[in-house]
Every structure is written in C-alpha cells, then in structure tokens.
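Q: Could you walk me through one part of this protein up close, the strands and how they line up, and then show me what lies around them? I'm new to this, so plain words please.

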Amino acid sequence: MMLITPLEDWISRKIGHEGGLNRAALEAYQLARLNDLLTRVNQKSAFYQSHLRGLPTQIGSLADWQQFPFTTAEDLCEQGLQFLCTSQDEINRVVTLDTSGTTGAPKRIYFTESDQQLTLDFFEVGMSTFTAPGDRVLILLPCEREGSVGDLLATALERGGAYPLRQGIVRDYAQTLALLESEHVDGVVGIPLQVLGLVRRSRPLQIKSVLLSTDHVPDPITRAIETGWHCEVYNHYGMTEMGLGGGVECQAQNGYHLREADMLFEIIDPGSGHPVPEGEYGEVVFTTLTRTGMPLLRYRTGDISRFLPGRCPCGTILKRLETIRYRHSGRVFVGGSFFTIADLDDVLFKINAVDNFSAQISCQGAILGLRIEIFTVGQIPARFSDQIRQAVNEIPVIQNGLASHLLSLTINVSTTPALPIAAVKRTIRIIEG
C-alpha cells in the first residue's frame, strides 16, 4: 500500500492546522507569511528597501504577489550583503558559489542557525519517505564541513534513528564499493553520475533505496541503478539558494513534493515573466517564507519544469513539481528548435559502456560544431563511435541539423574515466568566438 508523503503531516503541523491539510488553509498561511516577509525586508534589508520602492507593503491575495519584481543571481553577486535582515554576527554559515554571471563575482548565500534548522527538519521528514530507523545510509555528498549538505543530512538521519555513514563525494570508485559491501548499506544518497559509475563497476547489490540529488536525473540512469542494485530510486530537488532542500519524491515517484510551508513556488514564462497555467512548462521561481538571515523574494532559478496537474497517487494535497530536465540557459538552438544536455543524456546513458560524457558547442562560421567526449567503462567496444553517432542521431533537432548542414558532430572516445566530482548541474558548454 502506497503511503502518503510524510511532508503533508509535517506541513500541517508547521502551519498549525488540525483535522487534515487542505489547500485553502495552506494558502492562507502562505499569504500571512508573505505579508510578514514584506514587513521584515522593508524594515531590515537594504536591497529590498530599494528593490521594492513604491510597491505595496502588504497584499490581499497570493495573486497580488505577481506584481513584485524578481530577484536574480546577478543581484546576489552584486549586492549579497545588502540582502541581510540580521546582523552579520547572527550568520553562522556562508556558502560561496562560483558563477558565470555578468560581474564574474561569486554568489554568497548567508544562513543563520535557525535557517539551517529548517533544512534539518525538512531532511529528517523527507528521508523518512524511504528510510527506517536503524537503516545504514551512505552519504556521497560533501560532508566535511559543519553545516554542509552532507553534514546536515547526517544529523537529520540520526534524528530519525538511522545510522549515517559520512563518505563524502566519490573520489575512488573501488574504495567506495568496498565500503558499500563491508558496511552492509541499506541506502545511498549521492550525485547521479557518481552513483551510476558505482553501479557500472559493481556486482549486483541489494540496496533498499537510493536518493539522487544536485542535478537532473535521466531515466536511463534511474533504470540502470534500479536494475543493478535492485532498489528504489528517488529524486530530490534543491539548490543552495533554497537552503539546500526544495522538494522530494514520495513513494509514487511521480514528481517532487515541495516545502510549501517554507517556500512559495511559481512557474513563469521565462520571456514575459507572467505565470503560466498549471501543467505548462516554464521557469521555476521561489520565495522563502520562513528564512531569517537572507530571505529571497521571487528568485529565478533558471530551471525549467511544470506543476503536474491532478493529485499525486499518494493522495496528498501538496503540489507536484515535475522532475527538472534542463536550464533555460542550457538550450542549443539549431534551425529554430533546440536540444539540451537532457536529450543527450536520454540517448547516451542507455548504452551500458557509457560512463560519463561532456558536450560543447562552438561556432564554425555559419555551422554549429557539437563535440561530444565519451568516457567508457572498460575497453572500447567495436564500432563504438558509430553506435554513439547513431544514438545522437535519434534526437530530431540534431538529426535535422546534420541533414541541413547547420550542425557538425565530432565524437571522441576515451577509456580514461572522468570521475564527476563537482556537485553542479551539468550543461552543454558554449564556446564563444
């Protein structure tokens, strides 16, 4: 029997609603928190005092929220400290993120202790979806520093009665595989490509569950992990700007359920900025409702997704966000249509010998040059480059681009694995000039 996501009961308790959660009660809570947020940032945040000048200091409905301006990554780069609503003495963690933004300056995200406690609460409840007390969970995310994502996850698992194993990101496949077997691991939390690399190199294992985070998860990677380790694979959606945690799948594994008591999510048209109807694709935007140190209003993530229409099979009233496939900035246009890293993932990771790959686009006069670097597990199979080319040609935009000579394709294959260690979203690299 499928269990309703534990996030529903948690959110019901957070908003003080008895007798079963409903959308009306949740949205009334969100509206109240938005008004509290407006009061707070207008009093304490130098950035928002300027950014919101001339706008209402209170709103009467969630629809009124759409009149407020967006916050962008460039804003964080240029005016990070100006966002703060507390003194710097109250900040106990600062995360620096490199960016390719216009200023070239890094983004710095600031958290108070209470902000990190909110993340701990979410991690504890979210992990209980597929983790039981006593389970041994291998953490393959950064966990060396106090307050890092892996450290917070380990603390949350301990609160739930599980036993966390703090491995950190994978740097040696053989070493991690030995740990998996010697420690009799029940669950794994890790980066999709790193977990796939472990599966490609291991004998069949009996893992209960795997949670994948930090990047979109192609279906072929999910299938390979489920088949290789006889486990259930769940997806988590989060980014540092969200406070690390945004949403997680339930047992239905059909979209992320969101932290709707801590954040308000919207889907907008990336061009116009207007909201799109439920079920249509657009850019994910979020507002932090309960963060004290560095609240963010209508922050544009660049991620493309949609709210799935209808109720989740688990029965919750919480919204479902379809799993993220690509970023708005990661599209490559050829002849009026586009493809993304997700399209390449879908066809290349079906091939068992593919361990990892990178892709880049360069301009060669009027022709776009697509170069794909493939890394294999073991020896290169016979006619492997032809197999890769045939797979890539299954993508209609690429097929049409090659046929019309708007696109060229170069494939390079190496048996030296490129161990993916960075917890970043993958994309097609664009070479200018």
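A: Sure, let's start with a sheet of four strands. This is a predicted model, and in it β10, β11, β12 and β14 form an open sheet in the order β10-β11-β12-β14, with antiparallel pairing. At the edges sit β10 (263-268) and β14, each of which pairs on one side only.

Zoom in on the middle of that order. Strand β11 covers residues 282-288 and strand β12 covers residues 299-305, and the two pair in the antiparallel sense over four bridges. If you want a spot to click on, try Phe-286, which stands opposite Tyr-299 in β12. What holds such neighbours together? In general, the strands of a sheet pair through backbone hydrogen bonds, and they can do so either parallel or antiparallel.

Now follow edge strand β10 to an open space. The second largest pocket has a volume of about 500 Å³. It is lined by 24 residues, and Arg-23, Glu-27, Phe-265, Phe-307 and Lys-319 are the closest to its centre. Two elements, α2 (23-44) and β10, give two or more residues each to this lining. β10 gives the most, with four residues. Sorted by class, the lining of this pocket has 13 nonpolar, four polar and seven charged residues.

The other edge strand, β14, takes us to a closed space. Rolling a probe the size of a water molecule over the atoms shows where empty space is left. The structure holds four cavities of 30 Å³ or more, and about 160 Å³ of space lies in the largest cavity. Both β14 (326-327) and β7 (232-237) supply at least two residues of the lining of that largest cavity. In total 17 residues line the largest cavity, and those nearest its centre are Thr-214, Asp-215, His-216, Ile-324 and Lys-425. Its lining splits into five nonpolar, seven polar and five charged residues.

For the second largest cavity, the volume is about 100 Å³. Its lining has 13 residues, with Leu-118, Met-242, Arg-259, Thr-290 and Arg-291 closest to the centre. Helix α5 (residues 113-127) gives the most to this lining, with three residues. By class, you'd find five nonpolar, four polar and four charged residues around the second largest cavity.

Did you spot β7 back there? That strand belongs to another open sheet, one of eight strands in the order β4-β3-β5-β6-β7-β8-β9-β13, where the pairing is mixed. Its edge strands are β4 (163-166) and β13 (320-321), and each pairs on one side only. At the β4 end, strand β3 (residues 136-140) runs parallel to β4, and four bridges join them. One pair to look for there is Leu-138 and its bridge partner in β4, Leu-165.

One last thing to check is the cysteines. A search of the whole structure finds zero disulfides. Take Cys-77: the nearest cysteine sulfur belongs to Cys-85 and is 19 Å away, and Cys-77 is in no disulfide. Cys-77 counts as buried, because its relative accessibility is 12% and the cut-off for buried is under 20%. Cys-231 is in no disulfide either, with the nearest cysteine sulfur, that of Cys-250, 17 Å away. Cys-231 is buried too, with a relative accessible area of 6%.

Notes:
Residues are numbered from 1 along each chain as its sequence is written. This is a predicted model: local features need pLDDT of at least 70, side-chain atom pairs count only at pLDDT 80 or more; totals for chains, interfaces and linings use all residues. Side-chain values use heavy atoms; hydrogens and water are left out. On a 1 Å grid over the protein atoms alone, a cavity is a set of points where a 1.4 Å probe fits but cannot get out, and a pocket is an open set with protein on both sides within 12 Å along at least five of seven lines; lining residues have an atom within 4 Å of a point. Grid points are joined across faces, edges and corners, and a volume is the space filled by probe spheres set on the points. Ala, Val, Leu, Ile, Met, Phe, Trp, Tyr, Cys and Pro count as nonpolar, Asp, Glu, Lys and Arg as charged, and the others, Gly among them, as polar. Two strands pair if DSSP finds at least two bridges between them. A disulfide is a pair of cysteine sulfur atoms within 2.5 Å. Buried means under 20% relative accessible area, exposed over 50%, partly exposed in between (1.4 Å probe, protein chains only).
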